[in-house]
Every structure is written in C-alpha cells, then in structure tokens.
Amino acid sequence: MKEETPRANRFHIGLFGRRNSGKSSLLNTLTGQHAAVVSDVPGTTTDAVLKNIEWPGIGAAVLVDTAGYDDEGPFGELRIRQTRQAARRIDLAPVVVTGEPDDAHEERAWAKQWKADDIPVLYLYNKVDADGGRFAREWEKCLDATVIPVSAHTGEGLPEVREAVTGIYRSTDEIDDLTGSLAQTGDVVVLVMPQDIQAPKGLLILPQVQTLRNLLDKRCTAVCCTADRLAPTLSALPQPPALIITDSQVFPQVEALCPPSTRLTSFSVLFARYKGDIRLFLAGAASL
C-alpha cells in the first residue's frame, strides 16, 4: 500500500457556504471522486468530509467539505458547531455562494473571523451552468471582493480556482527564506536528521523537507546525515561547513562534534525564529 503524506502536514482547504450551495459537488469535481454525498435537500452534509488530494503547485493537500453555516433544526446547531471547529483548522477558506444575494451577513461574519485568525478567504459563485452567473457581480458588490464563477457540473471556472488557490498558497508561504542570514549562496550546510518514527516509511518530516528546499533554493550545498554518521560526514568534507542544523533531540551530541568555526542551530529554533517566537529563539541563540 502506498504511504501518504500525514494529514497534519498537508495544506488544508475548507469549503464553506450555505446549505445547498454546491460545496459537496465542488469537492467531488475537484477530487475526481464521489467523496461527498450530493443531494438537492439542504443539510445533507453533517460531519466534515476530508479528502486527501495532490494540488498542482502545492503538493499534498486536504479538501474539507463542511455543513452549511446557515443550518437549522434539531441538529443544526451541532452541525454549525462542527463547521466552526473545522473553520479554525484550515489554511484557506473558499466560500461557495450561489443565487441572488441578500445582505451577505453570514458571509461577512465568517470572513471577519477568518481575518482574525489570519486565514485567507476565496469566494466562488457556483452553478453558473444553471443561471449564467448573473448574480456573481452582485455578490462581488455585497462582499467587496472578487468572486470566481464556477460550475461543479461542467467544470467551468475550475482552472481559475486552482490557479487562485495556488497563488494564495504561495503568497502565504512562511518559508521563503527559512534560514535567513545563517546560510548564503555557496555555503555547505549539514543537516542532521534522525529518522522520525512518526514519518511514513520513505518520507521525511515536514520541517526537514522545508529546510532542505530552502537551502536548495538559495543554491547552498546541503549534506544530510543521521546523528551517528555526523563524525565521518564532517571528516569527508574538505573544510568545516558554514552551518549545521540538527534535530533538537540530539543537540548535545551534535554540539560536541561541531567545529569551532561552524554555526549550529536546530530545526525547531529555525522555525521559531522565522515565526517570531522570540522566547524559543533566544533559548537557542547561544548556539548560533
């Protein structure tokens, strides 16, 4: 059986909107599978439906279909509560609208919460095959935002949706220069990467992959080894590396072998430094 990227390491794209706006149909069209139950009866989706997908320009992602945020009835509040929980666990919120808009109060309220949580929102006007998208411009006025006309049935607008999602992913990517001034073009950097038992066989954990990609983008020479192979790895290099990045679990072991002229840090310190966690950064600053 083929191993997959752990769901926690995937880019989460949640589909939100009112009941019967076509969220489930869009999920099925985007995945190319019948992953969610589709019905003309409002309120068909109850629990969130999660589907792993490879998204062009992003890679491993998860599409999340949710219950309508205007649900009602005996179980309506429970479904809305589950939708709210899902809304805080995603990286991007495409909101599906359709038909003639009212005051868009629901959409604006949810967008306000996503903005507070620093989650980008993308608006999709579904069912253009049925009405020609004649209300899409009105939705744009109500929402004061761009709305992409789409059809889950014909596929119209889906290339634009994929492009927009990829563009948002790239614009919010937090690893543009993860290593900052610690690594320059041409530097030799050694990555000490113990095998993580939580990572699927044959795969690295996400921080290791992101750091390695950052170094390659900066045209550094990245040398990877496990902690028990650090000594022979250093001996094989013609000169000490500019930087060693290690897993924090073996930091003392690596520090003991680190050449005096080589900077030393850990994956966890790098990520905390980049994301602004000053306390964790200062805790490891003496090693830089």
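Is Asp144 buried or exposed? In this predicted model, Asp144 turns out to be exposed, with a relative accessible area of 73%. Its place is in the loop between helix H5 and strand S6, the latter covering residues 147-149. The backbone adds a small twist to the story: phi of Asp144 is near 55°, a positive value in a residue other than glycine. Asn20 is another residue of this kind, with phi near 65°, again positive and again not glycine. Asn20 is found in the loop between S1 and H1 and, with a relative accessible area of 32%, counts as partly exposed.

Stepping back to the whole chain, there are 11 helices and 10 strands. Of the 288 residues, 45% are buried. As for contacts with a separation of 6 or more, 66% of them join residues that sit 24 or more positions apart. The accessible surface of the chain adds up to about 15400 Å², and carbon and sulfur atoms own 50% of that.

Next come the charged pairs. Side chains of opposite charge can pair when their charged atoms come close. The count here is 6 salt bridges. One of them joins the side chains of Arg18 and Asp102, with N to O at 3.0 Å. Arg18 lies in the loop between strand S1 (11-17) and helix H1 (23-31), while Asp102 lies in the loop between strand S4 (93-97) and helix H3 (105-116), so this pair ties together parts that are 84 residues apart in sequence. Asp102 itself is partly exposed, at 43% relative accessibility. The pair does not stand alone, either: Arg18, Asp102 and Glu107 are linked in a network of salt bridges.

Other salt bridges stay within one helix. In helix H5, which runs over residues 136-143, Glu140 and Arg137 are 3 residues apart and thus separated by about one helical turn. Their side chains meet in a salt bridge at 3.2 Å, N to O. Glu140 is partly exposed, with a relative accessible area of 22%, whereas Arg137 counts as exposed at 58% relative accessibility. Helix H7 (residues 206-217) holds a pair too: Arg213 and Asp217 are 4 residues apart there, again about one helical turn. The closest N and O atoms of the Arg213 and Asp217 salt bridge are 2.9 Å apart. Arg213 is exposed, with a relative accessible area of 51%, and Asp217 is partly exposed at 43%.

What about charges and greasy side chains out on the surface? A negative surface patch is formed by Asp129, Glu156, Glu160 and Glu163. Glu163 belongs to helix H6, residues 158-172, and counts as exposed because its relative accessibility is 60%, with the cut-off for exposed being over 50%. A nonpolar patch appears as well, made up of Leu204, Leu206 and Val209, which together offer about 200 Å² of accessible area. Within that patch, Leu204 is found in the loop between strand S7 (188-192) and H7. Leu204 is partly exposed, with a relative accessible area of 36%.

Terms used: Residues numbered from 1 in each chain as written. Predicted model: local features only at pLDDT ≥ 70, side-chain atom pairs only at ≥ 80, totals over all residues. Heavy atoms only, no water. Patch = residues over 30% accessible without salt bridge, like charges linked within 9 Å, V, L, I, M, F, W, Y side chains within 5 Å. Areas by Shrake-Rupley, 256 points an atom, 1.4 Å probe, with all protein chains shown as cover. Salt bridge = Lys/Arg side-chain N within 4 Å of Asp/Glu carboxyl O. Lys, Arg positive; Asp, Glu negative; His and termini not counted. Charge placed at Lys NZ, Arg CZ, Asp CG, Glu CD. Helix = DSSP H or I, 4+ residues; strand = E, 2+ residues; numbered from the N terminus. Buried < 20%, exposed > 50% of the residue type's maximum accessible area, 1.4 Å probe, protein only. Contact = heavy atoms within 4.5 Å.
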